[in-house]
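Welcome! Have a look at the structure below, and then try a few exercises on it.

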Amino acid sequence: MTPLTRETDPARERLRRWRLVLGGGEADGTGQELSGRDAAVDGTLAALYGKGDRARTGRDRSAGLGASAPSVARWLGDIRTYFPASVVQVMQRDAIERLGLAALLLEPEMLAAVEPDVHLVGTLLSLDKAMPETTKETARAVVRKVVEDLERRLAGRTRATLTGALDRGARVARPRHHDIDWNRTIAANLRHYLPEYGTVVPQRLVGHGRASQSVKKEVILCVDQSGSMAPSVVFASVFGAVLASMRSISTRLVVFDTAVVDLTDQVDDPVDVLFGTRLGGGTDINRALAYCQSQITRPAETVVVLISDLYEGGIRDEMLKRVAAMKASGVQFVALLALSDEGAPAYDREHAAALAALGAPAFACTPDLFPDVMAAAIEKRPLPVPDLDTGTANGT
């Protein structure tokens, strides 16, 4: 998070960077004075990561944002000047958490100054009930920008991956030439290998038909909307809209805390979905799964995706019985501890182990991996569960 200017002397450059990291004061040991752009950068860092509200000296970093809207607006502008967007988002998140600036986001001027990201959307949704009417239009614009950015990033690959999975799922006995799966055909006919010709003479072709416009699969996204799941709710709403745009997939979106809300009629617009959620509150996974179970009409063609940290406030044994019953009926059940870029969250390990024992391993899933997870579930293949040690995905 240092500025782009560089000293010509490598030793001085190292001291300059350490000075910016350590923040000055008697303990930093650098003896480095800052001026110009470096001093300005140090000031923006001091406002957020300083030592308190006592007066500054030339070599001492101290906090300086307070709760003043004008000073925060200036600071938001400064960090966008000095740092790249990815760093700006981290600093904004830290400012909201460390300095209690969430209330200032209820002002339109503040929202116009911030760098939109998934975490900001989560904060805005948690403030929705307290948000004055003058701010709601600006808030929706901020949320829509984030949603549209995510759709551009995720929609194309998701549709392509799932369309391929649906095509491969439509197996036919006499495929057309372009629909032959040559790898499977060769594997199925190895006993017909002719060594004198160095080739396999296939007696049986293996292939797939092309997916029609009729509904092939039904997907139910069941999303925990407790406060800790905010990024997952954002990504789930985007994926829900992408899935709903595919004619071969019937998509239902259900969110829950201690109550259950079916947002399927709004699934085409992720912004409407997000403002229809209520972040915070308790969790009743059993009640949510009971509702989802009641909506299943074709178990063998249904994928249920539970997105939750599994901290159950309802009836644990009933929750597990419902999962077992759905799987026994032919439902593909997927349990995601998170759907975000954050990595593995805190979660109930006992419940995760119980689901794994039922053949439904629970794991955190990045948005980039989600299309592959859904494709595997649609094709009834082992899920690409990430290996936490290597970061790669393994089927299980």
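The exercises below concern a predicted model, and each comes with a worked solution.

**Exercise 1. Find where S226 sits, and decide whether it is buried or exposed.**

Start with the chain: S226 belongs to the loop that runs between strand 5 (217-224) and helix 9 (230-244). Next, take its relative accessible area, which is 6%. Buried means under 20%, so S226 is buried. Finally, look at what surrounds it: beyond neighbours within four places in sequence, S226 has contacts that include F256, L279, T283 and D309.

**Exercise 2. Check whether the length of helix 2 agrees with the expected span.**

Helix 2 covers residues 36-49, which makes 14 residues. The expected span is 1.5 Å times one less than the number of residues, so helix 2 should span 20 Å. Its end C-alpha atoms are 20 Å apart, and therefore the two values agree. For a further look, pick out the buried residues of helix 2, among them V41, L45 and L48.

**Exercise 3. Work out the order of the strands in the open sheet and name its edges.**

Six strands make up this sheet, and the order is 7-6-5-8-9-10 with mixed pairing. The edges are strand 7 (260-262) and strand 10 (362-365), each of which pairs on one side only. From one strand to the next, the twist averages 25°. Now zoom in on one edge: strand 6 (residues 249-256) pairs with strand 7 in the antiparallel sense, over three bridges. There, V255 stands opposite V261. Helix 11 (residues 285-294) packs on the sheet, and its direction makes about 155° with that of strand 6.

**Exercise 4. Compare where the partners lie in the salt bridges K145 to D149 and R153 to D368.**

A general idea helps here: side chains of opposite charge can pair when their charged atoms come close. In the first pair, the closest N and O atoms of K145 and D149 are 3.3 Å apart. Both residues lie in helix 7, four residues apart, about one turn of the helix. K145 and D149 also join R152 in a network of salt bridges.

In the second pair, the closest N and O atoms of R153 and D368 are 3.4 Å apart. R153 lies in helix 7, but D368 is in the loop between strand 10 and helix 14 (370-379), so this pair ties together parts 215 residues apart in sequence. Both partners are partly exposed: R153 has a relative accessible area of 37%, and D368 has 42%.

Notes. Residues numbered from 1 in each chain as written. Predicted model: local features only at pLDDT ≥ 70, side-chain atom pairs only at ≥ 80, totals over all residues. Heavy atoms only, no water. Helix = DSSP H or I, 4+ residues; strand = E, 2+ residues; numbered from the N terminus. Buried < 20%, exposed > 50% of the residue type's maximum accessible area, 1.4 Å probe, protein only. Contact = heavy atoms within 4.5 Å. Pairing = 2+ DSSP bridges. Axes fitted to C-alpha atoms, helices over the stretch in contact; angles between N-to-C directions. Salt bridge = Lys/Arg side-chain N within 4 Å of Asp/Glu carboxyl O.
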